[in-house]
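Work through these short exercises with the structure open beside you. Try each task before reading its solution.

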Amino acid sequence: MVTFVTTNPGKVHEAREYLDEPVKQRNFDYLEPQADELATVAAHGARAAYQKFQEPVIVDDSGLTINALGGFPGPYSSYVEEHVGIERVWRLVSEEEDQSAAFRGVIAYCDGNPFAATPEPVDDGRRGQDLSAADRASATTDEQVADGAVPVKLFEGVVPGSIVPPRGDGGFGFDPIFEYDGKTFAEMETDEKNAISHRGRALAKFAEWYAESER
Ligand code: IMP
């Protein structure tokens with residue numbers, strides 16, 4: 001049994017499609033640290049949730065990273081979506097030569113036990129787009145464990161794409177301005193998007209590791 005700590009039942013539904021294990025949802029509104037890396041935010045959440053529930057937990061954090069803007073809005077995606085709006089984000093990016101971007105999602109797992117290896121992406125084929133150097137640095141290190149930090153295992157999923165003028169009525173958040181393979185995420189059916197989404201990719205890695213680990 002794994003507990004997905006989130007206020008979003010849609011995420012739990014998606015996790016159940018990837019995991020053979022039963023997945024339970026728990027709501028817990030922990031305070032998110034102000035950090036530039038999604039992994040730092042997710043790792044903090046997983047530790048806080050494990051400390052509260054004392055059972056194996058997963059927490060996820062996701063966002064849009066725009067290359068010409070130094071990875072902005074990243075962990076601030078929901079704030080920017082709400083207060084700036086996706087149309088203005090598009091206008092900002094339209095002035096740039098490079099309009100490439102990526103959706104990133106990080107799943108953080110914690111059960112209070114140490115892990116055999118430091119976090120490694122399971123999906124070798126996408127290694128170049130997996131955890132950035134900064135994300136790796138924020139994953140649990142031997143020093144942190146020595147300092148008493150509860151170990152956390154991280155899994156990142158990345159979908160590369162580009163920022164375009166808004167198209168499509170589906171999805172949520174930045175979906176209308178994120179194009180992948182000729183279609184915006186807002187132009188895709190839910191199943192089509194889930195099959196390639198950052199969260200799906202991170203969940204697939206977690207599911208593969210979890211099935212192989214003897215926990
Ligand atoms: P959360 O981590 O799932 O809460 O996502 C944080 C924010 O990132 C959301 O509020 C959206 O602005 C953005 N975001 C994350 N995933 C997606 C997606 O699949 N489509 C569009 N926006 C997303």
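A polar contact is a pair of N or O atoms within 3.5 Å. Keep in mind that this is a predicted model.

**Exercise 1. Find which polar atoms lie close enough to the ligand to make a polar contact.**

Solution.
- Step 1: Start with E81. A polar atom of its side chain is 2.6 Å from a ligand oxygen atom. That pair falls within 3.5 Å.
- Step 2: Go to H198. Its side chain has a polar atom 3.1 Å from a nitrogen atom of the ligand.
- Step 3: Check F174. Here a polar backbone atom lies 3.2 Å from a ligand nitrogen atom.

**Exercise 2. Describe the surroundings of the ligand.**

Solution.
- Step 1: Locate it. The ligand sits in the largest pocket.
- Step 2: Name the elements. β3 (57–66), α3 (77–83) and α8 (198–212) each give two or more residues to the shell.
- Step 3: Pick out the nearest residues. Of the 15 around the ligand, these are K11, S62, E81, D175 and K193.
- Step 4: Sort the shell by class. Three residues are nonpolar, six are polar and six are charged.

**Exercise 3. Trace the sheet and explain why one side of β2 and of β7 has no neighbour in it.**

Solution.
- Step 1: Write the strand order. The open sheet has seven strands, β2-β1-β3-β4-β5-β6-β7, and its pairing is mixed.
- Step 2: Look at the edges. β2 (23–26) and β7 (183–184) stand there with a single partner strand each, so one side of each is left without a neighbour in the sheet.
- Step 3: Inspect one pair. β4 (residues 100–110) and β5 (residues 153–163) pair in the antiparallel sense over 10 bridges.
- Step 4: Find a bridge. V106 has E156 in β5 as its bridge partner.

Definitions and conventions:
Residues are numbered from 1 along each chain as its sequence is written. This is a predicted model: local features need pLDDT of at least 70, side-chain atom pairs count only at pLDDT 80 or more; totals for chains, interfaces and linings use all residues. Side-chain values use heavy atoms; hydrogens and water are left out. A residue is near a molecule or strand if one of its heavy atoms lies within 4 Å of it. A polar contact is a pair of N or O atoms within 3.5 Å; within protein, one must be able to donate a hydrogen and the other to accept it, and residues adjacent in sequence count only if both atoms are side-chain atoms. On a 1 Å grid over the protein atoms alone, a cavity is a set of points where a 1.4 Å probe fits but cannot get out, and a pocket is an open set with protein on both sides within 12 Å along at least five of seven lines; lining residues have an atom within 4 Å of a point. A molecule sits in a cavity or pocket if more than half of its atoms lie within 2 Å of its grid points. Helices (H or I, at least four residues) and strands (E, at least two) are DSSP runs, numbered from the N terminus. Ala, Val, Leu, Ile, Met, Phe, Trp, Tyr, Cys and Pro count as nonpolar, Asp, Glu, Lys and Arg as charged, and the others, Gly among them, as polar. Two strands pair if DSSP finds at least two bridges between them.
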